[in-house]
Amino acid sequence: MRDAAAAFVRDVVRPSVAGWDEAGSYPRGAVAASGLTGLFCPPELGGAGLGYPAGMEVFEELGRGDAALAFSLSMHNAVAAVVAGCDDDPLRARWAADLVAGRALGGFSLTEPHAGSDATAITTRAREEGGGWRVTGRKAWVSLAGEADLFLAVCKTADEPGHSDIAVMAIDRRAEGVSFPRLYRKAAAAFLPIGEMVLADALATMLVPPGAGMRAALGAIDVARCDIAAIACGLHAEALDIALRYTREREAFGAPLLALDTMRFALADVLTDLEAGRLLYARAASRLGTPAGPVAVAHAKRFCPDAALRAAIACSEALGAYGWLNDTPLPRFLSLAKMLQVVDGTAEIQRLVIGRELDRMATAED
Ligand SMILES: Cc1cc2nc3c(=O)[nH]c(=O)nc-3n(C[C@H](O)[C@H](O)[C@H](O)COP(=O)(O)OP(=O)(O)OC[C@H]3O[C@@H](n4cnc5c(N)ncnc54)[C@H](O)[C@@H]3O)c2cc1C
(Lines give C-alpha, C1' and ligand atoms only; values in the text may rest on other atoms or scores of the structure.)
Protein backbone atom coordinates (compact mmCIF):
# COMPACT_ATOMS: atom_id res chain seq x y z
CA MET A 1 0.00 0.00 0.00
CA ARG A 2 2.96 2.29 0.61
CA ASP A 3 4.03 1.78 -3.00
CA ALA A 4 0.45 2.43 -4.17
CA ALA A 5 0.46 5.70 -2.21
CA ALA A 6 3.84 6.69 -3.68
CA ALA A 7 2.54 5.98 -7.20
CA PHE A 8 -0.65 7.96 -6.51
CA VAL A 9 1.46 10.93 -5.36
CA ARG A 10 3.84 10.68 -8.33
CA ASP A 11 1.30 10.04 -11.09
CA VAL A 12 -1.79 11.87 -9.87
CA VAL A 13 -1.26 14.31 -6.99
CA ARG A 14 1.90 16.17 -8.07
CA PRO A 15 0.82 16.73 -11.68
CA SER A 16 -2.76 17.67 -10.74
CA VAL A 17 -2.79 19.55 -7.44
CA ALA A 18 -2.32 23.01 -8.97
CA GLY A 19 -5.23 22.32 -11.34
CA TRP A 20 -7.45 21.12 -8.49
CA ASP A 21 -6.64 24.32 -6.64
CA GLU A 22 -7.42 26.48 -9.65
CA ALA A 23 -10.72 24.70 -10.23
CA GLY A 24 -11.48 24.77 -6.51
CA SER A 25 -12.91 21.27 -6.77
CA TYR A 26 -12.20 18.19 -4.70
CA PRO A 27 -10.77 15.32 -6.81
CA ARG A 28 -13.42 12.73 -5.93
CA GLY A 29 -12.70 10.54 -8.94
CA ALA A 30 -8.95 10.45 -8.33
CA VAL A 31 -9.46 9.70 -4.65
CA ALA A 32 -11.89 6.85 -5.40
CA ALA A 33 -9.48 5.41 -7.98
CA SER A 34 -6.51 5.60 -5.59
CA GLY A 35 -7.40 2.39 -3.76
CA LEU A 36 -6.59 4.21 -0.51
CA THR A 37 -10.13 4.71 0.81
CA GLY A 38 -10.45 1.59 2.99
CA LEU A 39 -7.00 1.34 4.55
CA PHE A 40 -8.13 0.10 7.97
CA CYS A 41 -11.21 -1.83 6.76
CA PRO A 42 -11.39 -5.61 6.43
CA PRO A 43 -10.59 -7.29 3.09
CA GLU A 44 -14.08 -8.95 3.06
CA LEU A 45 -15.43 -5.43 2.48
CA GLY A 46 -12.78 -4.61 -0.10
CA GLY A 47 -10.54 -2.82 2.41
CA ALA A 48 -6.77 -3.13 2.75
CA GLY A 49 -6.97 -4.49 6.31
CA LEU A 50 -3.86 -2.58 7.37
CA GLY A 51 -2.65 -2.31 10.95
CA TYR A 52 -1.85 1.18 12.21
CA PRO A 53 1.96 1.05 11.67
CA ALA A 54 1.53 0.09 8.00
CA GLY A 55 -1.27 2.64 7.59
CA MET A 56 0.96 5.43 8.91
CA GLU A 57 3.58 4.64 6.27
CA VAL A 58 0.89 5.22 3.66
CA PHE A 59 0.11 8.60 5.23
CA GLU A 60 3.79 9.57 5.19
CA GLU A 61 3.85 8.92 1.42
CA LEU A 62 0.67 10.95 0.95
CA GLY A 63 2.21 13.82 2.92
CA ARG A 64 4.94 14.04 0.27
CA GLY A 65 2.29 15.02 -2.26
CA ASP A 66 -0.22 17.27 -0.53
CA ALA A 67 -0.90 17.36 3.20
CA ALA A 68 -4.44 18.70 2.77
CA LEU A 69 -5.45 15.87 0.45
CA ALA A 70 -3.72 13.44 2.83
CA PHE A 71 -5.67 14.91 5.76
CA SER A 72 -8.96 14.45 3.90
CA LEU A 73 -8.04 10.79 3.32
CA SER A 74 -7.14 10.44 7.00
CA MET A 75 -10.60 11.68 7.99
CA HIS A 76 -12.37 9.58 5.37
CA ASN A 77 -10.48 6.42 6.40
CA ALA A 78 -11.37 6.98 10.07
CA VAL A 79 -15.07 7.28 9.18
CA ALA A 80 -14.91 4.22 6.90
CA ALA A 81 -13.30 2.13 9.66
CA VAL A 82 -15.87 3.20 12.27
CA VAL A 83 -18.83 2.50 9.98
CA ALA A 84 -17.38 -0.83 8.75
CA GLY A 85 -16.92 -1.95 12.37
CA CYS A 86 -20.19 -0.62 13.83
CA ASP A 87 -23.04 -2.74 15.27
CA ASP A 88 -25.79 -0.92 13.37
CA ASP A 89 -26.55 -3.43 10.59
CA PRO A 90 -28.66 -1.13 8.35
CA LEU A 91 -26.11 1.70 8.61
CA ARG A 92 -23.25 -0.66 7.82
CA ALA A 93 -25.16 -2.26 4.95
CA ARG A 94 -26.03 1.15 3.48
CA TRP A 95 -22.60 2.79 3.74
CA ALA A 96 -19.64 0.50 4.48
CA ALA A 97 -18.96 -0.88 0.98
CA ASP A 98 -19.43 2.55 -0.65
CA LEU A 99 -17.05 4.22 1.83
CA VAL A 100 -14.41 1.53 1.43
CA ALA A 101 -14.55 1.81 -2.36
CA GLY A 102 -14.49 5.62 -2.25
CA ARG A 103 -17.89 5.85 -3.97
CA ALA A 104 -19.00 7.70 -0.84
CA LEU A 105 -16.83 10.05 1.23
CA GLY A 106 -16.88 10.34 5.02
CA GLY A 107 -16.58 13.45 7.20
CA PHE A 108 -16.14 13.93 10.95
CA SER A 109 -17.70 16.88 12.70
CA LEU A 110 -16.89 17.83 16.27
CA THR A 111 -15.78 21.49 16.22
CA GLU A 112 -18.35 24.31 16.60
CA PRO A 113 -17.92 28.06 16.10
CA HIS A 114 -17.48 28.58 19.87
CA ALA A 115 -15.86 25.21 20.74
CA GLY A 116 -12.59 23.91 19.26
CA SER A 117 -9.98 22.61 21.70
CA ASP A 118 -12.61 22.62 24.47
CA ALA A 119 -14.71 19.94 22.79
CA THR A 120 -17.01 19.32 25.77
CA ALA A 121 -18.38 22.87 25.26
CA ILE A 122 -20.27 21.80 22.11
CA THR A 123 -23.99 22.55 22.07
CA THR A 124 -25.28 20.73 18.96
CA ARG A 125 -28.20 18.77 20.32
CA ALA A 126 -29.66 15.40 19.30
CA ARG A 127 -33.17 14.49 20.49
CA GLU A 128 -35.22 11.36 20.07
CA GLU A 129 -38.38 11.65 18.03
CA GLY A 130 -40.71 8.87 16.95
CA GLY A 131 -38.12 6.15 17.39
CA GLY A 132 -35.46 8.11 15.45
CA TRP A 133 -33.12 11.02 16.14
CA ARG A 134 -33.09 14.65 15.03
CA VAL A 135 -30.09 16.95 15.36
CA THR A 136 -30.02 20.74 15.64
CA GLY A 137 -26.90 22.90 15.82
CA ARG A 138 -24.08 24.56 13.89
CA LYS A 139 -20.79 22.80 13.21
CA ALA A 140 -17.61 24.63 12.18
CA TRP A 141 -14.44 23.62 10.37
CA VAL A 142 -16.30 20.81 8.64
CA SER A 143 -13.82 19.34 6.15
CA LEU A 144 -15.35 18.06 2.92
CA ALA A 145 -18.31 20.34 3.69
CA GLY A 146 -20.97 19.72 1.05
CA GLU A 147 -18.75 17.04 -0.50
CA ALA A 148 -18.69 14.12 1.95
CA ASP A 149 -21.76 11.90 1.81
CA LEU A 150 -21.88 10.74 5.41
CA PHE A 151 -20.88 12.84 8.41
CA LEU A 152 -20.21 11.48 11.88
CA ALA A 153 -21.24 14.36 14.15
CA VAL A 154 -20.48 14.57 17.86
CA CYS A 155 -23.59 15.86 19.68
CA LYS A 156 -25.09 16.42 23.12
CA THR A 157 -28.22 14.43 23.99
CA ALA A 158 -29.11 16.36 27.16
CA ASP A 159 -28.07 19.53 28.95
CA GLU A 160 -25.63 17.80 31.31
CA PRO A 161 -22.26 19.45 31.83
CA GLY A 162 -19.20 17.45 30.71
CA HIS A 163 -19.34 14.50 28.34
CA SER A 164 -21.74 12.04 30.00
CA ASP A 165 -24.46 12.91 27.44
CA ILE A 166 -22.25 13.10 24.35
CA ALA A 167 -23.09 10.74 21.48
CA VAL A 168 -21.91 10.27 17.89
CA MET A 169 -24.62 10.54 15.22
CA ALA A 170 -24.38 9.51 11.56
CA ILE A 171 -25.92 12.09 9.23
CA ASP A 172 -26.51 11.74 5.49
CA ARG A 173 -25.47 14.94 3.68
CA ARG A 174 -28.66 14.73 1.62
CA ALA A 175 -30.95 14.49 4.66
CA GLU A 176 -33.55 17.22 5.07
CA GLY A 177 -32.30 19.96 7.41
CA VAL A 178 -28.60 19.64 6.47
CA SER A 179 -27.01 22.69 4.82
CA PHE A 180 -23.57 24.17 4.27
CA PRO A 181 -24.13 27.94 4.31
CA ARG A 182 -20.50 29.04 4.48
CA LEU A 183 -17.24 27.77 2.99
CA TYR A 184 -14.01 29.31 4.29
CA ARG A 185 -11.49 31.13 2.10
CA LYS A 186 -8.22 29.52 3.17
CA ALA A 187 -4.48 30.17 2.86
CA ALA A 188 -4.00 26.98 0.81
CA ALA A 189 -5.82 23.88 -0.47
CA ALA A 190 -8.60 25.67 -2.34
CA PHE A 191 -9.67 22.23 -3.63
CA LEU A 192 -10.62 21.06 -0.12
CA PRO A 193 -13.99 22.51 0.94
CA ILE A 194 -14.03 23.42 4.64
CA GLY A 195 -16.83 25.38 6.25
CA GLU A 196 -19.91 25.38 8.44
CA MET A 197 -22.66 22.78 8.53
CA VAL A 198 -26.05 23.76 9.85
CA LEU A 199 -28.27 21.02 11.19
CA ALA A 200 -31.92 22.01 11.52
CA ASP A 201 -33.82 19.06 12.94
CA ALA A 202 -31.76 16.86 10.63
CA LEU A 203 -32.57 13.16 10.60
CA ALA A 204 -29.71 11.13 12.13
CA THR A 205 -28.78 7.61 13.22
CA MET A 206 -27.29 7.05 16.66
CA LEU A 207 -23.88 5.45 16.09
CA VAL A 208 -22.28 5.70 19.55
CA PRO A 209 -24.66 6.16 22.49
CA PRO A 210 -24.51 8.90 25.13
CA GLY A 211 -21.73 8.38 27.63
CA ALA A 212 -19.52 6.51 25.16
CA GLY A 213 -19.51 9.26 22.51
CA MET A 214 -16.59 11.34 23.72
CA ARG A 215 -14.42 8.29 24.39
CA ALA A 216 -15.17 6.96 20.87
CA ALA A 217 -14.46 10.37 19.33
CA LEU A 218 -11.16 10.66 21.20
CA GLY A 219 -10.18 7.15 20.06
CA ALA A 220 -10.77 8.15 16.43
CA ILE A 221 -8.96 11.45 16.99
CA ASP A 222 -5.91 9.61 18.37
CA VAL A 223 -5.64 7.64 15.12
CA ALA A 224 -6.11 10.89 13.17
CA ARG A 225 -3.38 12.63 15.22
CA CYS A 226 -0.99 9.82 14.41
CA ASP A 227 -1.93 10.12 10.71
CA ILE A 228 -1.15 13.84 10.91
CA ALA A 229 2.27 13.18 12.48
CA ALA A 230 3.06 10.77 9.62
CA ILE A 231 1.75 13.23 7.00
CA ALA A 232 3.98 15.92 8.55
CA CYS A 233 6.98 13.59 8.16
CA GLY A 234 6.10 13.13 4.48
CA LEU A 235 6.00 16.89 3.90
CA HIS A 236 9.28 17.18 5.86
CA ALA A 237 11.01 14.43 3.82
CA GLU A 238 9.87 15.91 0.51
CA ALA A 239 11.08 19.39 1.49
CA LEU A 240 14.47 17.93 2.38
CA ASP A 241 14.72 16.05 -0.94
CA ILE A 242 13.99 19.27 -2.84
CA ALA A 243 16.65 21.15 -0.86
CA LEU A 244 19.19 18.37 -1.43
CA ARG A 245 18.57 18.30 -5.19
CA TYR A 246 19.04 22.06 -5.34
CA THR A 247 22.05 22.47 -3.05
CA ARG A 248 23.91 19.61 -4.74
CA GLU A 249 23.69 21.40 -8.11
CA ARG A 250 23.75 25.10 -7.25
CA GLU A 251 27.21 26.54 -6.84
CA ALA A 252 28.27 29.57 -4.78
CA PHE A 253 31.80 30.71 -4.04
CA GLY A 254 33.24 27.97 -6.24
CA ALA A 255 31.51 24.94 -4.70
CA PRO A 256 28.09 23.34 -4.45
CA LEU A 257 25.96 24.91 -1.71
CA LEU A 258 25.78 21.51 0.00
CA ALA A 259 29.55 21.67 0.53
CA LEU A 260 29.17 24.73 2.76
CA ASP A 261 29.30 23.78 6.41
CA THR A 262 26.58 26.26 7.32
CA MET A 263 24.25 24.69 4.72
CA ARG A 264 25.13 21.18 5.89
CA PHE A 265 24.45 22.17 9.49
CA ALA A 266 21.02 23.57 8.64
CA LEU A 267 20.04 20.48 6.64
CA ALA A 268 21.58 18.13 9.21
CA ASP A 269 19.11 19.49 11.77
CA VAL A 270 16.28 18.96 9.29
CA LEU A 271 17.34 15.32 8.90
CA THR A 272 17.67 14.73 12.66
CA ASP A 273 14.15 16.10 13.17
CA LEU A 274 12.87 13.81 10.41
CA GLU A 275 14.46 10.74 12.00
CA ALA A 276 13.00 11.70 15.40
CA GLY A 277 9.55 12.34 13.93
CA ARG A 278 9.49 8.98 12.17
CA LEU A 279 10.40 7.18 15.38
CA LEU A 280 7.71 9.06 17.29
CA TYR A 281 4.89 8.33 14.86
CA ALA A 282 5.93 4.68 14.43
CA ARG A 283 6.00 4.18 18.20
CA ALA A 284 2.65 5.93 18.58
CA ALA A 285 1.13 3.76 15.82
CA SER A 286 2.25 0.59 17.58
CA ARG A 287 0.60 1.80 20.82
CA LEU A 288 -2.73 2.96 19.38
CA GLY A 289 -5.64 1.31 21.15
CA THR A 290 -3.59 0.57 24.29
CA PRO A 291 -3.47 2.66 27.49
CA ALA A 292 -0.06 3.99 26.35
CA GLY A 293 -1.55 5.20 23.04
CA PRO A 294 -2.80 8.73 23.84
CA VAL A 295 0.45 10.03 25.30
CA ALA A 296 2.59 8.40 22.58
CA VAL A 297 0.31 10.02 19.99
CA ALA A 298 0.52 13.37 21.80
CA HIS A 299 4.34 13.31 21.62
CA ALA A 300 4.19 12.60 17.87
CA LYS A 301 1.47 15.18 17.11
CA ARG A 302 3.24 17.77 19.28
CA PHE A 303 6.60 17.26 17.55
CA CYS A 304 6.08 16.34 13.89
CA PRO A 305 4.09 19.34 12.55
CA ASP A 306 6.40 21.82 14.32
CA ALA A 307 9.41 19.97 12.89
CA ALA A 308 7.80 19.96 9.43
CA LEU A 309 7.31 23.72 9.59
CA ARG A 310 10.95 24.22 10.65
CA ALA A 311 11.97 21.95 7.75
CA ALA A 312 9.83 23.83 5.24
CA ILE A 313 11.41 27.12 6.34
CA ALA A 314 15.00 25.78 6.31
CA CYS A 315 14.57 24.01 2.95
CA SER A 316 12.93 27.05 1.40
CA GLU A 317 15.86 29.19 2.61
CA ALA A 318 18.29 26.70 1.06
CA LEU A 319 16.86 27.61 -2.36
CA GLY A 320 17.39 31.34 -1.80
CA ALA A 321 15.00 33.39 -3.94
CA TYR A 322 13.88 30.25 -5.78
CA GLY A 323 12.39 28.90 -2.56
CA TRP A 324 9.71 31.56 -2.92
CA LEU A 325 8.65 30.50 -6.41
CA ASN A 326 5.84 28.08 -7.12
CA ASP A 327 8.32 26.07 -9.25
CA THR A 328 8.59 23.77 -6.23
CA PRO A 329 5.87 22.95 -3.67
CA LEU A 330 7.85 24.65 -0.88
CA PRO A 331 5.65 27.79 -0.63
CA ARG A 332 2.56 25.54 -0.44
CA PHE A 333 4.30 23.31 2.13
CA LEU A 334 4.89 26.30 4.43
CA SER A 335 1.18 26.93 4.60
CA LEU A 336 0.28 23.24 4.85
CA ALA A 337 2.72 22.72 7.74
CA LYS A 338 0.88 25.52 9.60
CA MET A 339 -2.38 23.68 8.91
CA LEU A 340 -0.94 20.44 10.29
CA GLN A 341 -0.02 22.21 13.54
CA VAL A 342 -3.70 22.97 14.24
CA VAL A 343 -5.76 20.23 12.66
CA ASP A 344 -6.87 17.41 15.01
CA GLY A 345 -5.63 19.33 18.07
CA THR A 346 -2.97 22.00 18.59
CA ALA A 347 0.45 21.50 20.21
CA GLU A 348 -0.91 23.04 23.43
CA ILE A 349 -3.60 20.37 23.62
CA GLN A 350 -0.93 17.70 23.14
CA ARG A 351 1.04 19.31 25.95
CA LEU A 352 -2.04 18.99 28.18
CA VAL A 353 -2.06 15.23 27.48
CA ILE A 354 1.69 14.99 28.09
CA GLY A 355 1.19 17.05 31.29
CA ARG A 356 -1.12 14.34 32.65
CA GLU A 357 1.69 11.85 32.03
CA LEU A 358 4.03 14.12 34.01
CA ASP A 359 1.52 13.99 36.91
CA ARG A 360 1.41 10.20 36.68
CA MET A 361 5.21 10.01 36.70
CA ALA A 362 5.48 12.42 39.61
CA THR A 363 2.96 10.40 41.64
CA ALA A 364 4.72 7.13 40.78
CA GLU A 365 7.88 8.63 42.35
CA ASP A 366 6.13 8.82 45.78
C1 LIG B 1 -7.57 22.58 7.98
C2 LIG B 1 -8.42 22.25 9.15
C3 LIG B 1 -9.41 21.27 9.02
C4 LIG B 1 -10.23 20.96 10.10
N5 LIG B 1 -11.18 19.99 9.93
C6 LIG B 1 -12.00 19.68 10.94
C7 LIG B 1 -13.04 18.70 10.76
O8 LIG B 1 -13.19 18.11 9.69
N9 LIG B 1 -13.87 18.45 11.80
C10 LIG B 1 -13.73 19.05 13.01
O11 LIG B 1 -14.50 18.74 13.92
N12 LIG B 1 -12.77 19.99 13.21
C13 LIG B 1 -11.90 20.33 12.21
N14 LIG B 1 -10.93 21.28 12.38
C15 LIG B 1 -10.90 22.04 13.62
C16 LIG B 1 -9.72 21.76 14.51
O17 LIG B 1 -9.81 20.49 15.10
C18 LIG B 1 -9.68 22.89 15.53
O19 LIG B 1 -9.34 24.06 14.79
C20 LIG B 1 -8.69 22.66 16.62
O21 LIG B 1 -9.16 21.65 17.48
C22 LIG B 1 -8.44 23.94 17.45
O23 LIG B 1 -9.62 24.57 17.76
P24 LIG B 1 -9.80 26.17 17.50
O25 LIG B 1 -9.31 26.44 16.13
O26 LIG B 1 -11.20 26.50 17.84
O27 LIG B 1 -8.82 26.86 18.50
P28 LIG B 1 -9.07 27.23 20.03
O29 LIG B 1 -9.52 26.04 20.78
O30 LIG B 1 -9.93 28.45 20.09
O31 LIG B 1 -7.61 27.63 20.48
C32 LIG B 1 -6.99 28.88 20.12
C33 LIG B 1 -5.57 28.88 20.66
O34 LIG B 1 -5.62 28.71 22.09
C35 LIG B 1 -4.84 27.58 22.45
N36 LIG B 1 -5.46 26.87 23.58
C37 LIG B 1 -6.72 26.40 23.65
N38 LIG B 1 -6.92 25.78 24.82
C39 LIG B 1 -5.76 25.84 25.51
C40 LIG B 1 -5.31 25.38 26.78
N41 LIG B 1 -6.12 24.70 27.59
N42 LIG B 1 -4.05 25.64 27.16
C43 LIG B 1 -3.21 26.32 26.34
N44 LIG B 1 -3.57 26.80 25.14
C45 LIG B 1 -4.82 26.55 24.72
C46 LIG B 1 -4.79 26.70 21.22
O47 LIG B 1 -3.64 25.86 21.23
C48 LIG B 1 -4.73 27.72 20.11
O49 LIG B 1 -3.41 28.15 19.92
C50 LIG B 1 -10.07 21.62 11.34
C51 LIG B 1 -9.08 22.61 11.46
C52 LIG B 1 -8.26 22.91 10.40
C53 LIG B 1 -7.22 23.98 10.55
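A salt bridge here is a side-chain nitrogen of Lys or Arg within 4 Å of a carboxyl oxygen of Asp or Glu. Glutamate 196 and arginine 182 form such a bridge, with their closest N and O atoms 3.7 Å apart. The model is predicted. By the salt-bridge rule, the count comes to 30. A search of the whole structure also finds six aromatic pairs. A ligand is present, and 19 residues surround it.

**Salt bridges**

- Glutamate 196 forms a salt bridge with arginine 182 at 3.7 Å between the closest N and O atoms. Glutamate 196 lies in strand E7 (residues 194-208) and arginine 182 in strand E6 (residues 178-183), so the pair ties together parts that are 14 residues apart in sequence.
- Glutamate 196 has a relative accessible area of 9%, so this residue counts as buried. Arginine 182 is partly exposed, at 45% relative accessibility.
- Salt bridges that share partners also build one network. Its members are Arg28, Glu147, Asp149, Asp172, Arg173 and Arg174.
- Arginine 2 pairs with glutamate 60 in a salt bridge, and the closest N and O atoms are 4.0 Å apart. Arginine 2 sits in helix H1 (residues 2-23) and glutamate 60 in helix H3 (residues 52-65), so the bridge ties together parts that are 58 residues apart in sequence.
- Glutamate 60 is buried, because its relative accessible area is 1%. Arginine 2 counts as partly exposed, at 30% relative accessibility.
- Arginine 127 and glutamate 129 form another salt bridge, with the closest N and O atoms 2.9 Å apart. Arginine 127 is partly exposed at 34% relative accessibility. Glutamate 129 is partly exposed at 40%.

**Aromatic contacts**

- The search of the whole structure gives six aromatic pairs. One of them joins tyrosine 246 and tyrosine 322: the ring centres are 6.2 Å apart and the planes meet at 40°, so the pair is tilted.
- Tyrosine 246 belongs to helix H6 (residues 213-249), while tyrosine 322 is in the loop between helix H8 (293-318) and helix H9 (330-342). The pair therefore ties together parts that are 76 residues apart in sequence.
- Tyrosine 246 counts as buried, with 19% relative accessibility. The cut-off for buried is under 20%. Tyrosine 322 is partly exposed, with a relative accessible area of 43%.
- Trp20, Tyr26 and Phe191 make up one aromatic cluster.
- Arginine 94 lies over the face of tryptophan 95. The distance to the ring centre is 3.8 Å.

**Ligand surroundings**

- Of the 19 residues that surround the ligand, the closest are Thr111, Ser117, Trp141, Thr346 and Glu348.
- Serine 117 places a side-chain N or O atom 2.6 Å from an oxygen atom of the ligand.
- Threonine 111 has a side-chain N or O atom 2.7 Å from a nitrogen atom of the ligand.
- Leucine 110 uses its backbone: one of its backbone N or O atoms lies 2.8 Å from a ligand oxygen atom.

**The loop between E1 and E2**

- Threonine 124 is found in the loop between strand E1 (106-109) and strand E2 (125-129). Threonine 124 is buried, at a relative accessible area of 0%.
- The side chain of threonine 124 makes a polar contact with the side chain of glutamate 112, at 2.7 Å.
- Threonine 120 lies in the loop between E1 and E2. Threonine 120 is partly exposed, with a relative accessible area of 32%.
- Threonine 120 and lysine 156 are 36 residues apart along the chain. Their C-alpha atoms are separated by 9.0 Å.

**Helix H4**

- Helix H4 covers residues 67-84, which is 18 residues. At 1.5 Å a residue, H4 should span 26 Å, because the expected span is 1.5 Å times one less than the number of residues. The end C-alpha atoms of H4 are 25 Å apart, which agrees.
- H4 is mostly covered, with 15 of its 18 residues buried.
- At the start of H4, a side-chain oxygen of aspartate 66 comes to within 2.9 Å of the backbone nitrogen of alanine 68.

Definitions and conventions:
Residues numbered from 1 in each chain as written. Predicted model: local features only at pLDDT ≥ 70, side-chain atom pairs only at ≥ 80, totals over all residues. Heavy atoms only, no water. Helix = DSSP H or I, 4+ residues; strand = E, 2+ residues; numbered from the N terminus. Buried < 20%, exposed > 50% of the residue type's maximum accessible area, 1.4 Å probe, protein only. Polar contact = N/O pair within 3.5 Å; in protein donor to acceptor, adjacent residues only side chain to side chain. Phe/Tyr/Trp six-rings, centres within 6.5 Å; stacked < 30°, edge-to-face > 60°. Lys NZ or Arg CZ within 6 Å of the ring centre and 35° of its normal. Near = heavy atom within 4 Å.
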